[in-house]
Structures are given as structure tokens and as C-alpha cells.
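Visitor: I should like a close look at a single part of this protein, beginning with one side-chain contact and what surrounds it. Please then go on to the other local features that deserve attention.

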Amino acid sequence: MEDKKRFFITTPIYYVNDVPHIGHAYTTIAADVMARYHRMKGEDVLFSTGTDEHGQKIQRAAANKGMTPEELADKTVDNFKALWQKLNISNDDFVRTTEERHHKTVQAIFNLLKGKGDIYKGTYEGWYCVPCETYVPESQMGEGRTCPSCGRQLEMMSEESYFFRMSAYQEPLLKYYEENPDAILPESRYNEIVSFIKGGLKDQSVSRTTISWGIPVPGDEKHVVYVWFDALINYLTVCGYPDDERWRLYWPEVRHLVGKDIARFHCVIWPAMLLAAGLTPPKQVFAHGWWTVEGEKMSKSLGNVVDPFEMVDLYGVDPFRYFLLREVPFGLDGDFSELAMVSRINSDLANDLGNLLSRTLQMVIQFKGGVVPHFGEAGELERDIASMAERSFGAVDVAMRRFAYDEALKNIWAFIGRANKYIDETEPWKLGREGKGGQLDTVLFTLCESLRLISLLIAPFMPDAAERLWNQLGLPSSPQSLGYADFRWGNFPPGTAVKRGSSLFPRIDLKRWEEKKRERDLKKGRPVDPGEHEEEISIDEFKKVELRVARILSVAPVPGTDKLYKIEVDLGYEKRTIVSGIREHYPPEELAGKVIIVVCNLKPAKLRGIESKGMLLAAEGHDGGLALLTVDKDIPLGSRIH
Ligand code: MSP
């Protein structure tokens, strides 16, 4: 154990005021893939995630829900843990900032920095919104010094606060980044952060007296530690700092995966805190991009928040993991659409990989009674495939070192494509017929061996599918437990009996999927294309319809019917009778006096013996609801609508 390479990877710790969404799932899946990859390389991995439970945001969210912050946190933690299980996340630790071990670590760092004079007591001054209980930086103020969230006047406030002497770490930090140009990835973020630091670092307020939900400042309990100072330290908590010597194994072998919005906290405040504590800054911080959803910002108010639980139920955990990492380069923003995911499932997973396995197994069963043959003689094609397997392995490693998950997957798929092409090149079904048994054995062995290596390559990304593939090949143990030590061309044990199982990735029927998606969207009240579109018309054709404003004078049910009303309307220049089927939607008293729109030149029709002269206009919702058209201000009856 001692001489093993260490690899420590973290996700941000998530706030407990929210339900887990695709953003949380994204970082956590990326971290999981990296952790699994390094475990398969034989390294000693520590992979942590957790929850950020203190601070005003949580205190307020809990109060709004009529809960204590502890109750809200417990509930949300259960939700996050359930999601990580569902997504097959292999974290070694789950840290909560309310845990005793974390309080100890935070207080230890606070005391250490205070002892060195890097934390001092001062006065915090700023523009404060009293109802929102928050300071508003000048850059975010509304016009006339108002609060950007509630619009009310801000007040200059000052309170006692502890400060972290961050200004003293500007130069050491710049030096660290100069010497470690890959400490922040991607490169564009590195440049951004370095120029931010060059712009000057101010001391950072690290305590609050206005809230109580937090870790008490040691020795001065009317202060609680500022939530970001508290949260960042979780990364030291999980490796046991300061009491458990184990922390020295993992620090600073740490890689923080974070969203771009929280890169500054991780690349400026955090490493400055570490330098102050005499510790090395993190080896790497990778700031990934953000997902939009079908072209729009994801937000609760738009109702388009992607629920990872639902995605897994619909598409399976591995396709979801695959899609998120394959679709968009990790550092860039991307757009999530279910249609794009379905297309990838059908092309990359079902067609390319699924078919390679099913064709191969089918032939082993048909020609070899289900037993993988011995390798015959290698020709040029086999040598090409073997060398491509090695090269893919190298290319995946290069990509994974840069967190280029999409590149790693592209390389794996290039190899899958090569293996599929090999079937077309060798036409194994002919070899059997032509009595070329030796060549057939070589081809089938080569295919099985390629699939074995593919299973090892995809295992970090799609652990379940990799294992099913492995099992169907009839191989013992599992790709994860064997790891990359087993990545050697030719290791497939001949004589293995394959075990064909159910399809690795079933194809999704697009037509049926579209129908189901429409139903789901309707149920959620999301806008859907109604699909009943009419042919284009000219303005002259439209003008033929004579629409006018009218007022309803009286309403009476048509005897012997459930749906019909006899309605008298006043068009100003004349009065008319209209029979209309809106009885299920409006009681008569709601209709009398209403100003509506009437089609005046519709051919009269007789309904239940009553002549109806015209039609009133109403909008019909997808859910069958009905709303009458009206005008938005007073206008004389009989006015024409153009
Ligand atoms: N509690 C802090 C982190 C403290 S770490 C010491 C926090 N929590 S959070 O719950 O808001 O976490 C958000 C994480 O999810 C961030 O990394 C953020 O970038 C990510 N995402 C939130 N929405 C996202 C998308 N729409 N797309 C991708 N990631 C997004 O911040």
C-alpha cells in the first residue's frame, strides 16, 4: 500500500437547499469516472463528495419550509445519497459540514491562521439589505443603491468581523501558478484566474455575526465562520487533517472538479488559505462548463430542470453517464437534450458497441458451439488491430490526464469502429463455408479479444455495461477488479464458453419515443408542439373571415342537451342568437355581460331546432380546458378584428 501512487479526487460539496439536478450529477459522474480509472490503474484512490450545510442560504430555505436547518439537511442528504447510488457513484467518503470531524478541522485551520496573524479582527463595512440580511457588492447594486433581489434601499452597515489576510498571498500564489501552469484547467481558466490575482487581492471576511447557523469561531462565539471558509476545508476533513496522519498520504495529491461559477473560490481563496496554513495548494482544479437545457438556461421558474433520477429511469444509468461525458468537452458549456441522448444511444451504444458484441457472440455460437477458439495465425489485419488496441489505451490515458473525457471516448469508439470494420473485411461467415477453419478461428478470437479490451476501456465510464459485456464473453472476475494490468493483447483464455445475454443497449424506437416524450411534456405542463398545423393562407383569405366584438346579453341551456347554450349577443348594430358548446366550461352567470369575439359571416346552421348565426371564439388547451377570447380594453361593440 505504502508505495502505491495516491490519487485524491473531489466534487464540490453541494448545498442542501436544492434537489439534485443534472449539474450535480455531471460533476459527480465525472469524478467517479476518474476515480474508477485511477483505481483500475492500480492507484490508491480517495474519492470524496458531500454536502455544504451551513450559512444564511440554508437557514432561510429551512425557515421557508417550516423546518430546522438540520431537518432540511438530513432530508436533502438522503436524496443526494440515493442519487449517488442510482448513478453508480463509487465515492469513498461523504462529508457533511455539520459533522464533528469537520468542525474540528475548520477550527484547527482557523486557530492556526489566527495564531500566525493571518486572521485578524476588524470591521466589515458595506452596503447591506436589511430585509434580505445580506451585503451587496457595489458591482451588483441596482440603480440608486438598491438591492438586486428585492429592490429596496441599501444601508451602509458595519460589523465586527474576522479577516483572512489574503492580500499577503497574492505574490506567493502567482509564483505557485507560474511554476505549475497545469494547476488550473482548462487553460482559459488558468489565464482568467492569474489575471484576476494580478488585479490585486483584498483581505477576505471570514466570519459573520448576523447569522447563527454555522461553525462557531473558536473563543469568540458570537461569530460563526463564513460558509465558504468552512466549506472549502471539507477537502482536508476527508483526508483526516490534522489528527489522522493519513492526510499526508493524500495531500496535495488532490484534484478538485468544480463548475466554472465556483472556480475563483477554489483557485484563489482556497490555495491562499492553504499557503497560509503551510500546506501546498491543490495539484489541480478543473473548472467544467455549464449545461443549458434545449437551448435555455436551466431554472426552476422555466420548469426545465433536468431530474437525473428520471433520466436514469428512462434511459439507464450507463447511457446517461456516457452521454454527459461524450457530448461536450469537459471545460465547455453544453446543451442537454433528450433527443441528442437518444441519438447517441442508438448510434454509439446500440449500433456500434451493442452490435459488435451481438454479431461476435452470434458467430461464436453458430460456428464454434459457443466456445472461443484458439488464436490461429496473425495476418496484417490482426496485427493492425492489436496495435490499434495498444494505441487506443495510450490515447485514452493521455486524454484522461487532461480530463478530456470526450477524447478518451472518441478513441475507444475509433477502436470499436475498427473491430466492426474487421468483420466486414474478413466476412467470417464465408470462411466457415469455404473450409478456412484456421482463419475463422483467428477472426473470432481477435473479435473476442477486442471486446475484452473494450470492456476494460469502458469500465470507468459504464461500469455496469462493461461488466455485462465481460460476463457475456464468459470471462471470470470483472474488468474493474482486474484493472489495466490485464490490458495485454492476447490474454483472452481460449476454450472459454461465451454466455450470450440480453442486448447490451436496446435500440430506442424513435416514433414511440416521440409519443412518450410528448405525453411526459404535457403532463409536466411544458410547451409542446400541438402538431395540428394548417396550410398557409394569404391575407385576403384571412380577410374573408369577419370577426367582430360582441357582448353576451343572455345565456340559456338548450333543453335535452348537456353541452349546448343558446346565447344572445349584441354586436352594437344588431343582436343575434348563437348556439355554442361551452356549457361544460362556463356557468351561465359567468358568461352574461362578457365581451367576446364572434365570427359573423359563418353560414347559419340549425342546432336542435335553433338557428345559430355565427360562432364565438375560444382557445382550447391541451388538457381540454377552454378560454373565451376577449379584447384587452374598452372598444365599441361591432368593432372589426383585423
Ligand atoms: N456549496 C457550494 C460548493 C462548495 S465546494 C467547497 C456550491 N454548491 S451547489 O450545490 O450550488 O453546487 C453546485 C455545483 O453544481 C457547482 O459545481 C456548479 O457549477 C454545478 N452546477 C450547477 N448548475 C449547473 C449546470 N446547469 N450545469 C453544470 N453544472 C452546474 O456551489
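Guide: The side chains of S207 and H223 are joined by a polar contact of 2.8 Å, in what is a predicted model. S207 belongs to strand 9, which covers residues 207–208. Its relative accessible area is 0%, below the 20% limit, so S207 counts as buried. H223 is one of several residues that S207 touches beyond its neighbours within four places in sequence. The others in that set are S161, Y162, V217, V224, V225 and Y226. Of these partners, S161 and Y162 carry numbers that fall within strand 6 (155–164).

From this strand residue one may turn to the ligand. There are 22 residues around the ligand, and I13, D52, G259, D261 and W291 come nearest. Two of these five have a polar atom paired with a ligand oxygen. For G259, a backbone N or O atom lies 3.0 Å from an oxygen atom of the ligand. For D261, a polar side-chain atom lies 2.5 Å from an oxygen atom of the ligand. Y15 also has a backbone N or O atom 3.0 Å from a ligand oxygen atom.

The backbone has some notable points of its own. The peptide bond between L185 and P186 is cis, with omega of about -10 degrees. P186 sits in the loop that runs from strand 7 (184–185) to helix 6 (187–198). Another cis peptide bond leads from W251 to P252, with omega near 5 degrees. Here the proline lies in the loop between helix 9 (247–250) and strand 11 (254–259).

Positive phi values are found in R145 and S477. R145 is not a glycine, yet its phi is about 55 degrees. It lies in the loop between strand 5 (134–135) and strand 6 (155–164), and with a relative accessible area of 40% R145 is partly exposed. S477, again a residue other than glycine, has phi near 65 degrees. The loop that holds S477 lies between helix 18 (463–472) and helix 19 (479–482). At a relative accessible area of 45%, S477 is partly exposed.

The helices may be taken last. Two packed helices are described by the angle between their axes and the distance between the axes. For helix 14 (residues 380–401) and helix 17 (residues 437–458), the axes come within 11 Å and cross at roughly 5 degrees. Because this angle is under 35 degrees, helix 14 is roughly parallel to helix 17. Helix 14 contributes E382, I385, A389, F393 and V396 to the contact. Helix 17 contributes T442, V443, T446, S450, L453 and L457. By class, the residues of this contact divide into seven nonpolar, three polar and one charged.

Helix 17 also holds I454. Its relative accessibility is 0%, so I454 counts as buried. Leaving aside neighbours within four places in sequence, I454 is in contact with L353, L356, F415 and I416. The C-alpha atoms of I454 and C129 are separated by 58 Å, and these residues are 325 residues apart along the chain.

Conventions. Residues numbered from 1 in each chain as written. Predicted model: local features only at pLDDT ≥ 70, side-chain atom pairs only at ≥ 80, totals over all residues. Heavy atoms only, no water. Helix = DSSP H or I, 4+ residues; strand = E, 2+ residues; numbered from the N terminus. Buried < 20%, exposed > 50% of the residue type's maximum accessible area, 1.4 Å probe, protein only. Polar contact = N/O pair within 3.5 Å; in protein donor to acceptor, adjacent residues only side chain to side chain. Contact = heavy atoms within 4.5 Å. Axes fitted to C-alpha atoms, helices over the stretch in contact; angles between N-to-C directions. Parallel < 35°, antiparallel > 145°, perpendicular 65-115°, else oblique. Nonpolar A, V, L, I, M, F, W, Y, C, P; charged D, E, K, R; others polar. Near = heavy atom within 4 Å.
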